[in-house]
Amino acid sequence: MNAPHKKGQTWDIHGGIHPPENKTQSLGKPIMQAAVPAQLILPLSQSIGAPAEPCVEPGEHVLKGQLIAQAAGFVSVPLHAPSSGRVTAIEDRPIAHSSGMSAPCIVIDTDGEDRWGERTPIADYTAVERTELINHIRNAGIAGMGGAGFPTAVKLNPPADKPITTLIINATECEPYITADHALILERAGDILQGVDVLTHLLQPARILIGLEDNKPDAAAALRDSLRDRPYQVIEFPTKYPSGGEKQLIEILTGKQVPSGGLPADLGIVCQNIGTCYAIKRAVVDGEPLISRITTLTGNALKTLGNTEVLLGTTMQTLLEAHGWQPTPQSRLIMGGPMMGFTVHSANVPIVKTTNCLLAPTAEELPPPHLAQACIRCGMCAEACPASLLPQQLYWYSRAREYEQLEAHNIADCIECGACSYVCPSNIPLVQYYRASKAELRERAEEHIKAEHSRQRFEFRQERLEAAEREKEAKKAARKAAAAKRAAQKEASTPDGDNSAATAKQAEIEAAVARAKAKKVGIGQPAHSDDNEVGN
Amino acid sequence: MALLHVTSPHMSRAGDTGSVMRHVLLALIPGIVVMTALFGWGTIVNIIWACLLALGMEAMVMRLRKRPPMFYLRDCSALVTAVLLAVALPPYAPWWLVVVGIGFSILVAKHLYGGMGYNPFNPAMVGYVVLLISFPVEMTQWAAPAGSIPDQAPTLGPLSALAASFPFLSSTPVDAFTMATPLDVFKQNDSLMVDELFASSPQFGRFGGYGWEWVNIAFLLGGAYLLYKRIFTWHAPISMLAALALMALIFNDSGSSASGGSPAFHLFTGATMLGAFFIVTDPVSSAVSNIGRLYYGAGIGVLIYLIRSFGNYPDAVAFAVLLMNFAAPLIDHYTQPRTYGHKDHKSHNEDRGPK
Ligand code: SF4
Ligand code: SF4
């Protein structure tokens with residue numbers, strides 16, 4: 001297995017599908033610049049991990065690039081003002097979420113000047129301390145730009161016992177319709193490679209692989225042209241959805257599979273999205289935090305299609321209106337691609353760090369789903385599953401709510417790519433069932449933790465009472481032995497021994513809760529890694 | 001403004017279960033044409049009568065189960081069952097035979113088990129086996145293929161065929177000319193060498209049963225079309241044919257009077273190709289994974305040979321398929337694929353062990 005492979009060799013993954021690509025309509029024009037909107041709405045939580053904590057007050061004037069919310073802990077990213085203006089509110093606003101929920105946001109009314117605050121480029125990043133460089137990237141607010149949005153800096157700190165040998169740059173962009181990375185490469189390949197240089201300096205991997213599908217030879221050429229004498233390999237492989245999933249890409253480029261429940265770092269691999277590399281370049285070389293991104297605007301309900309560089313916090317409504325979008329209550333607006341993206345309930349929600357595509361299709365373009373028919377066990381779903389699962393079994397067990405069987409059939413390894421639903425001749429919305437089952441499993445795990453907690457609390461109390469009882473007995477004996485009548489008063493005060501036992505017990509409970517929590521995260525799988533969402 | 005809320009994926013491949021079934025019906029046409037040319041219009045009468053019955057019964061069940069019949073009829077699965085049973089029955093079968101067969105197929109084998117997708121056994125084969133056991137005489141009256149006997153009367157046209165199946169429609173009784181099938185003759189033979197048998201009996205053609213060769217080739221063509229259209233994968237049918245051929249090769253005994261028949265004879269006689277491409281490939285009652293389908297198909301191939309050679313019934317496809325339908329869940333259990341990122345191949349249920 002560890003035999004050195006041919007340069008540029010690729011491996012095939014199980015399953016996969018070939019949906020119509022629909023990419024040309026948003027390509028072919030230079031990247032547009034979206035106007036600075038009158039108001040920016042910035043959700044405090046734009047990535048996996050804890051929401052940022054605001055460090056500005058309503059009424060305060062902010063400059064472009066100024067820090068407005070700080071990271072709250074290790075897995076958390078800070079937030080910056082995308083343009084200059086006045087903070088008008090810090091309150092709950094609707095955000096882009098499949099459930100249509102609201103969440104705390106910082107609202108900025110822009111002043112139209114778009115005036116930069118202080119920019120802090122690092123003149124020679126090879127000369128600064130490693131930790132300082134990582135901190136710089138962390139402070140720039142960069143989270144994986146591919147889909148799930150995992151804080152980038154966290155991945156740059158691999159555990160010491162797992163040295164990184166391979167850096168993989170994900171330029172696959174396998175979802176239909178999305179061309180944000182493609183357009184970025186065509187125009188700014190040099191900048192992207194500078195970002196890769198920074199990652200290479202930080203991780204010192206033995207090899208750097210830039211992977212992309214063979215449906216964008218112009219992008220591969222653009223990257224190769226900009227390589228100069230860098231030893232990076234630009235590797236093209238056959239187009240197939242979902243080869244851009246992090247786990248899938250790793251298998252395609254290295255022939256190895258990330259262990260279930262593990263991380264790419266377990267294989268000595270770090271995977272970063274190409275858009276993330278670009279953001280790193282901007283942060284380190286230009287000193288600009290992450291305040292804008294390239295988003296694909298596509299779908300036949302728009303008049304002008306293409307890629308646009310848009311300030312974070314711009315609402316979808318504002319952005320799409322400028323492209324001739326006239327929604328009706330029958331309109332669908334999808335954030336992300338047609339395979340894994342979700343419909344937003346209202347267009348009055350802001351663009352965030354992970355918004356790689358807005359798809360506004362007409363009803364003819366993406367017709368509403370057909371009524372589901374019975375499963376005929378044809379096995380096409382299993383053929384298509386990139387995780388080698390048995391989707392039809394998962395479907396039966398989901399319907400029957402057989403949670404043990406769902407776990408035994410590895411539902412946790414489902415990446416929700418939707419390939420199974422895509423091929424199902426009976427039009428069964430399979431992924432919908434898996435999402436519901438996963439949510440149910442998470443809930444059950446949480447309940448289990450709670451039950452465990454209260455059981456331990458009960459046992460702990462029980463033990464304390466018993467300990468107190470024993471103590472009493474011992475005291476009584478001692479009292480008798482000493483024949484001291486004043487002992488009765490002493491008994492009221494809490495003896496020391498009891499306290500320390502309580503502390504130990506408490507620590508034990510906390511450890512158990514932490515363990516259980518870790519397990520719980522395991523069920524939510526994709527949460528682990530940045531590029532797991534296949535959008536990129 | 002509230003927008004339309006739909007869960008992902010937002011695209012799906014064109015086609016639905018109905019279109020899969022329609023492809024299957026289309027692929028049956030060459031076989032049906034050849035059968036009609038050989039045996040006359042009896043096959044067509046069987047098919048039309050069976051389809052009417054199947055649609056009627058399916059609609060009735062859906063009404064009873066309070067489901068919209070049209071939505072369920074559109075998947076065409078009842079039609080496929082009806083046509084498969086109809087071509088498996090002897091041409092000019094009496095009308096009531098078809099009623100009983102379709103009744104068992106649609107009402108018992110399909111809907112008593114929960115309807116489309118829930119039936120563990122192939123409905124057409126259940127209907128066939130019930131008929132074969134209950135009415136062995138009617139089920140073994142095969143019409144003689146055109147041209148097998150010199151001076152044979154021409155095969156029956158549409159009207160006579162109708163009169164043959166529905167005697168009460170006609171004043172003069174119509175009978176088709178029948179004779180034993182090649183598989184029967186082969187089994188009963190214990191004195192002649194295979195070559196002599198082929199030369200002396202009108203039932204035999206170049207390498208298979210007379211005329212049956214063409215029927216099998218036509219069904220093979222239909223199957224090739226379905227494979228090309230990726231309606232199913234090659235695993236089950238090819239593995240069944242390979243297993244059957246291999247068994248025949250082992251027991252061929254270089255054509256002696258004890259021979260079980262050459263591989264070519266077994267592949268191109270009886271219901272072999274119909275079974276391989278239209279029955280064994282029924283997804284509902286087969287094993288699920290590709291590897292599972294290899295075992296499933298091989299099992300059927302071996303059983304067909306054993307039942308043909310050592311059993312009491314002339315053809316064996318139906319029994320072999322039903323037996324392997326029994327085994328399908330077991331095969332599924334032992335052929336689960338290895339999930340991405342997992343080390344072990346084996347069934348995960350077993351990891352847990354008994355409680
Ligand atoms: S693709 Fe659909 S119909 Fe076929 S086995 Fe899977 S769930 Fe069942
Ligand atoms: S959604 Fe899950 S089960 Fe379906 S194909 Fe993707 S990984 Fe497999």
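Modeller: Two residues are in contact when heavy atoms of theirs lie within 4.5 Å of each other. Please keep in mind, too, that this is a predicted model.

Biologist: Thanks! What share of the contacts in chain B with a separation of 6 or more comes from residues 24 or more positions apart?

Modeller: In chain B, that share is 73%. The chain has 17 helices and zero strands. Of its 355 residues, 56% count as buried.

Biologist: Now the place where the two chains meet. How many residues does each chain bring to the contact?

Modeller: Chain A gives 72 residues and chain B gives 44 residues. The size of an interface is often given as the accessible area lost when the parts come together. Here chain A and chain B bury about 4800 Å² between them, and 54% of that is on carbon and sulfur atoms.

Biologist: How many salt bridges does the rule find across the interface of chain A and chain B?

Modeller: The rule finds one across this interface. It pairs A:Arg377 with B:Asp332, and their closest N and O atoms are 3.7 Å apart. That pair qualifies because the cut-off is 4 Å. As for polar contacts, 29 residue pairs between chain A and chain B are counted, with both residues at pLDDT 80 or more.

Biologist: Which helices and strands of chain A supply at least two residues each to the side that touches chain B?

Modeller: From chain A, they are helix H5 (246–254), strand E16 (342–343), helix H8 (380–384), helix H9 (391–400), helix H10 (403–408), helix H11 (419–423) and helix H12 (430–482). H10(A) provides the largest share of this side of chain A, four residues. By type, the residues of chain A that touch chain B divide into 36 nonpolar, 25 polar and eleven charged.

Biologist: Let me try a single residue. Is A:Gln392 buried or exposed?

Modeller: A:Gln392 lies in helix H9 of chain A. It counts as buried because its relative accessible area is 2%, and the cut-off for buried is under 20%. Leaving out residues up to four places away in sequence, A:Gln392 touches A:Cys375, A:Gly379, A:Cys381, A:Ala382, A:Tyr434 and, from chain B, B:Val288.

Biologist: And the ligand? Which residues are around ligand 2?

Modeller: Among them are A:Cys385, A:Cys414, A:Cys417 and A:Cys420, along with A:Pro386, A:Glu416 and A:Tyr434. The shell around ligand 2 divides into ten nonpolar residues, one polar and one charged. You may recognise A:Tyr434, which A:Gln392 also touches.

Methods. Residues are numbered from 1 along each chain as its sequence is written. Chains are lettered from A and ligands numbered from 1 in the order in which they are written. This is a predicted model: local features need pLDDT of at least 70, side-chain atom pairs count only at pLDDT 80 or more; totals for chains, interfaces and linings use all residues. Side-chain values use heavy atoms; hydrogens and water are left out. Buried area is the accessible area (1.4 Å probe) that two parts lose on being put together, summed over both. A salt bridge is a side-chain nitrogen of Lys or Arg within 4 Å of a carboxyl oxygen of Asp or Glu. A polar contact is a pair of N or O atoms within 3.5 Å; within protein, one must be able to donate a hydrogen and the other to accept it, and residues adjacent in sequence count only if both atoms are side-chain atoms. Ala, Val, Leu, Ile, Met, Phe, Trp, Tyr, Cys and Pro count as nonpolar, Asp, Glu, Lys and Arg as charged, and the others, Gly among them, as polar. A residue is near a molecule or strand if one of its heavy atoms lies within 4 Å of it. Buried means under 20% relative accessible area, exposed over 50%, partly exposed in between (1.4 Å probe, protein chains only).
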